Amino acid sequence: MIDYNPKEWFRYIFYFQKGDTVRKLTPLILTIAVYSTAVAYLLLIHFKLKENTDLKNISLMHSLLGFVISMLLVFRTNTAYDRWWEGRKQWGSLMNSSRNLAMKLGALLGKEREVERTFFMKMIPNYAFALKNHLRSGYRPAEFEDSELYPKTLLNVHDHIPNQIAAAIFSKVFELQKNGTLLPEHMIVLNHELESFTNICGACERIKNTPIPLSYSSFIKKFIFIYCLTLPIGYVFSLHFLVVPFVMFVFYILASLEVIAEEIEDPFGEDSNDLPMERICHGIQTSARALLQ
């Protein structure tokens, strides 16, 4: 995620970063420019059509459909942003649950339980890192901290790693309750945080695995494409060859909204505008060490 000051206007008007839509859309924008130039040449130079031709009335269609395409793009961007913000709320909940669990375990386990405190100090951040990598369909052994009670060799890397870590944490808490280190009422105190790990994982998987329905995405792309292909035909008699930059600009605006929506609807990747999950994971690691060391 890119950090920036939203109050700085002038700087970001001329700012281009790696994932900027201009870079992604450049081939299509150039294609639209060539197409618009060809249409303008054929209609104005080759066929020598006059301004009173009926083709000029195609611009009426754009006036009528402008409202429709704006509503579709508003729906698209709002849906994508809802998914991005929902993902951010889930990772904020993971941060809070991890801190609360570490704080409660730090109070319930005395300093003499060094092995168990170290286990939780490492496994709580391990869950955050494992969930991050799980949502990115990968596994990074270097981000898993071994503990005396649970080395990484116990993990089945071909199975659901966050579930394995959550199960190990819950099993250790239950074991401490059985041997009398924790009282039964302590389980009630800890149960909310223990459950929240799996609930957060499920919510993130729902966001990742349920994209916008294909019919919506496909229709919006087709609509933008046809809308922009017919633009030079309707406006070439008014703008002449100035219709080329005009169509390029309109296509850039409409297509950029779709590209931005595509990028943020899966907020767990490594794109420029995705969630700062590495930062959150390191924050959980720092908090766990401070509370359990």
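This is a short guided tour of the structure above, stop by stop, with something to select at each one. Keep in mind as you go that the model is a predicted one.

**Stop 1: the main core**

Start inside the protein. Select Trp91, Leu94, Phe120, Ile124 and Ile165, the residues with the most contacts inside the largest nonpolar core, which has 48 residues. Which elements give two or more residues to this core? They are α3, α4 (114-135), α5 (161-178), α6 (184-209), α8 and α9 (277-292). Colour α4 separately if you like, since α4 gives the most to this core, with 11 residues.

Now centre the view on Leu94. Setting aside neighbours within four places in sequence, Leu94 is in contact with Tyr127, Ala128, Leu131, Phe197, Ile200 and Ile284. There is also a second, separate core of 27 residues, and it includes Val39, Leu72, Val247 and Ala255. Showing those four residues as spheres gives you a landmark for the second core.

**Stop 2: two leucines of α3**

Next, show helix α3, which spans 58-108. Two of its leucines are worth a visit. Select Leu105 in helix α3. Is Leu105 buried or exposed? Its relative accessible area is 0%, so Leu105 counts as buried. Apart from neighbours within four places in sequence, Leu105 is in contact with Arg117, Phe120, Ile124, Leu190 and Leu292. You may recognise Phe120 and Ile124 from the first stop, where they were listed among the residues with the most contacts inside the largest core. If you want to try a distance, pick the C-alpha atoms of Leu105 and Lys178: they are separated by 16 Å, with the two residues 73 residues apart along the chain.

Then move to Leu65, also found in helix α3. Leu65 has a relative accessibility of 29% and therefore counts as partly exposed. Which residues does Leu65 touch, not counting residues up to four places away in sequence? Select Phe223 and Tyr227 to see them. Leu65 and Tyr227 are 162 residues apart along the chain, yet their C-alpha atoms are separated by 8.4 Å.

**Stop 3: a lysine in α5**

Select Lys172, which lies in helix α5. What is the relative accessibility of this lysine? The value for Lys172 is 11%, so it counts as buried. With neighbours within four places in sequence left aside, Lys172 is in contact with Phe119, Phe120 and Leu149.

**Stop 4: the second largest pocket**

Turn to a pocket now. The second largest pocket has a volume of about 170 Å³. To outline it, select its lining: Leu25, Leu28, Lys221, Ile224, Phe225, Phe251, Ala255, Glu258, Val259 and Glu262. The elements giving two or more residues to this lining are α2, α7 and α8, and α8 gives the most, with five residues. How many of the lining residues are nonpolar, polar and charged? Seven are nonpolar, none is polar and three are charged. Ala255 in this lining is a residue you have met before, as part of the second core.

**Stop 5: the cysteines**

How many disulfides does a search of the whole structure find? It finds zero. Select Cys201: it is in no disulfide, and the nearest cysteine sulfur, that of Cys204, is 7.1 Å away. Cys201 is buried, with a relative accessible area of 2%. Cys281 is in no disulfide either; for Cys281 the nearest cysteine sulfur is again that of Cys204, 11 Å away. Cys281 is also buried, with a relative accessible area of 0%.

**Stop 6: two loop residues with positive phi**

Finish in the loops. Select Lys48, in the loop between α2 (21-46) and α3 (58-108). Lys48 has a positive phi of about 55 degrees although it is not a glycine. Lys48 is exposed, with a relative accessible area of 58%.

Then go to His240, in the loop between α7 (214-239) and α8 (243-264). His240 is not a glycine, but it too has a positive phi of about 55 degrees. At 37% relative accessibility, this histidine counts as partly exposed.

Notes. Residues numbered from 1 in each chain as written. Predicted model: local features only at pLDDT ≥ 70, side-chain atom pairs only at ≥ 80, totals over all residues. Heavy atoms only, no water. Helix = DSSP H or I, 4+ residues; strand = E, 2+ residues; numbered from the N terminus. Buried < 20%, exposed > 50% of the residue type's maximum accessible area, 1.4 Å probe, protein only. Core = buried A, V, L, I, M, F, W, Y, C linked by side-chain atoms within 4.5 Å. Contact = heavy atoms within 4.5 Å. 1 Å grid on protein atoms, 1.4 Å probe; cavity = no way out; pocket = protein on both sides within 12 Å on 5 of 7 lines; lining within 4 Å. Points joined across faces, edges and corners; volume = space filled by probe spheres on them. Nonpolar A, V, L, I, M, F, W, Y, C, P; charged D, E, K, R; others polar. Disulfide = S-S within 2.5 Å.
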